[in-house]
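Dear colleague,

I am passing on the structure below, together with some notes on what turned up in it. Please read the notes with the coordinates open beside them.

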Amino acid sequence: MILLRCRATRLVDEGFPGWVEVVLRDAHGRVWTIVDKGPVFGGAGLGPETGFPVEVTLEGTPTGVAGLVRVSTDPHHVAAEDGTDEFEVFPEQLLIVGGGPQGS
């Protein structure tokens, strides 16, 4: 599993579990806006008292590597506002965690 670094910019809805607006800048400079439940972004503690903007992560699956990494967020049914769920990002935007030979 990989974690894609993003930035939560604001709380959209305070109701349980809380919806958050997150931005992701891809390797081409395009800014994507994603709105989903706070826990999707590793943000169980995101709420009205959070000092936005704040760095968060989004689980992803690498779908290709060639200098840039193509990441799909489809396995978790998370997409940008226009429905895009595959992004090309720089390797330094990723955290590799758990289970594989490259993660721990």
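Helices (H or I, at least four residues) and strands (E, at least two) are taken here as DSSP runs, numbered from the N terminus. On that basis the protein has zero helices and seven strands, and read along the sequence it follows the pattern β-β-β-β-β-β-β. The radius of gyration, taken over C-alpha atoms, is 13 Å, close to the 13 Å that the globule rule (2.2 Å times the number of residues to the power 0.38) gives for 104 residues, so the protein is as compact as a globular protein of that length. Along the principal axes, the C-alpha atoms fill a box of roughly 40 × 30 × 25 Å.

A word on conventions: this is a predicted model, in which local features need pLDDT of at least 70 and side-chain atom pairs count only at pLDDT 80 or more, while totals for chains, interfaces and linings use all residues. Residues are numbered from 1 along each chain as its sequence is written, and side-chain values use heavy atoms, with hydrogens and water left out.

The mean pLDDT (the predictor's confidence in each residue, from 0 to 100) is 86 for the protein, and 90% of its residues reach 70 or more. Over residues 100-104, however, pLDDT stays under 50, and the model has six contacts (heavy atoms within 4.5 Å) for them beyond four places in sequence. Where pLDDT is low, the predicted coordinates should not be read in detail.

Two threonines deserve a closer look. Thr73 lies in the loop between strand E5 (68-72) and strand E6 (86-89), and Thr84 has its place in that loop between E5 and E6 too. Thr73 has a relative accessible area of 1% and is therefore buried (under 20%; exposed is over 50%, partly exposed in between, with a 1.4 Å probe and protein chains only). Not counting residues up to four places away in sequence, Thr73 touches Leu58, Glu59, Val78, Ala79, Asp85 and Phe87, and a polar atom of its side chain lies 2.6 Å from the backbone oxygen of Val78.

Thr84, for its part, is in contact with Trp32 and Ala79 once its neighbours within four places in sequence are left aside. The side chain of Thr84 also makes a polar contact with the side chain of Asp82 at 2.8 Å (a pair of N or O atoms within 3.5 Å; within protein, one must be able to donate a hydrogen and the other to accept it, and residues adjacent in sequence count only if both atoms are side-chain atoms).

Best regards
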